[in-house]
Amino acid sequence: MKENKPLFEDKTKLAENKLIILYIMEQAGSPLSNSQLLKLLHDFENFNYYYFQHLLSDLVEQNFVINY
């Protein structure tokens, strides 16, 4: 069981970070550009560009975020 814990923790952190993105987008009240959102997340959680893009593309694929 000890070996599965890091994987579970990674999935939990991934889900938390996706929720942070969705929360910030909701609280903004208007559409945010990719760079505006990244700036907010970098200041808040120290997200890097590649990690942010991965999370955002997952949210778009899952229809939680509309990209236009």
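Helices here are DSSP runs of H or I with at least four residues, numbered from the N terminus. This is a predicted model, where local features need pLDDT of at least 70 and side-chain atom pairs count only at pLDDT 80 or more, while totals for chains, interfaces and linings use all residues. Residues are numbered from 1 along each chain as its sequence is written, and side-chain values use heavy atoms, with hydrogens and water left out.

**View 1. Histidine 42 on its helix.** Histidine 42 sits in helix α2. Its relative accessible area is 40%, so histidine 42 counts as partly exposed (buried is under 20%, exposed is over 50%, and partly exposed is in between, using a 1.4 Å probe and protein chains only). Look for phenylalanine 52 too: 10 residues separate it from histidine 42 in sequence, and their C-alpha atoms are 9.0 Å apart in space.

**View 2. The two sides of α2.** Leu37, Leu38 and Leu41 are the buried residues of this helix. They sit on the same side of α2, because their arc around the axis is only 100° (taken from the directions from the helix axis to the C-beta atoms). Flip to the other side of α2 and you'll meet Ser35, Lys39 and Asp43, which are exposed. In general, an α-helix has 3.6 residues a turn, so residues three or four places apart point the same way.

**View 3. α2 from end to end.** With 12 residues at 1.5 Å a residue, α2 should span 16 Å, and its end C-alpha atoms are indeed 16 Å apart (the expected span is 1.5 Å times one less than the number of residues). Right after α2 comes asparagine 46, with a positive phi near 60°.

**View 4. The largest nonpolar core.** Twelve residues make up this core, among them Ile20, Leu37, Phe47, Phe52 and Val65 (a nonpolar core is a set of buried Ala, Val, Leu, Ile, Met, Phe, Trp, Tyr and Cys residues joined through side-chain atoms within 4.5 Å). α1, α2 and α3 each give two or more residues to this core, and α3 has the largest share, with 4 residues.

**View 5. Who lines the largest pocket.** There are 16 lining residues, and Met25, Leu32, Val65, Ile66 and Asn67 lie nearest the centre of the pocket (a pocket is an open set of points on a 1 Å grid over the protein atoms alone, where a 1.4 Å probe fits, with protein on both sides within 12 Å along at least five of seven lines; lining residues have an atom within 4 Å of a point). α3 gives the most to this lining, with 4 residues.
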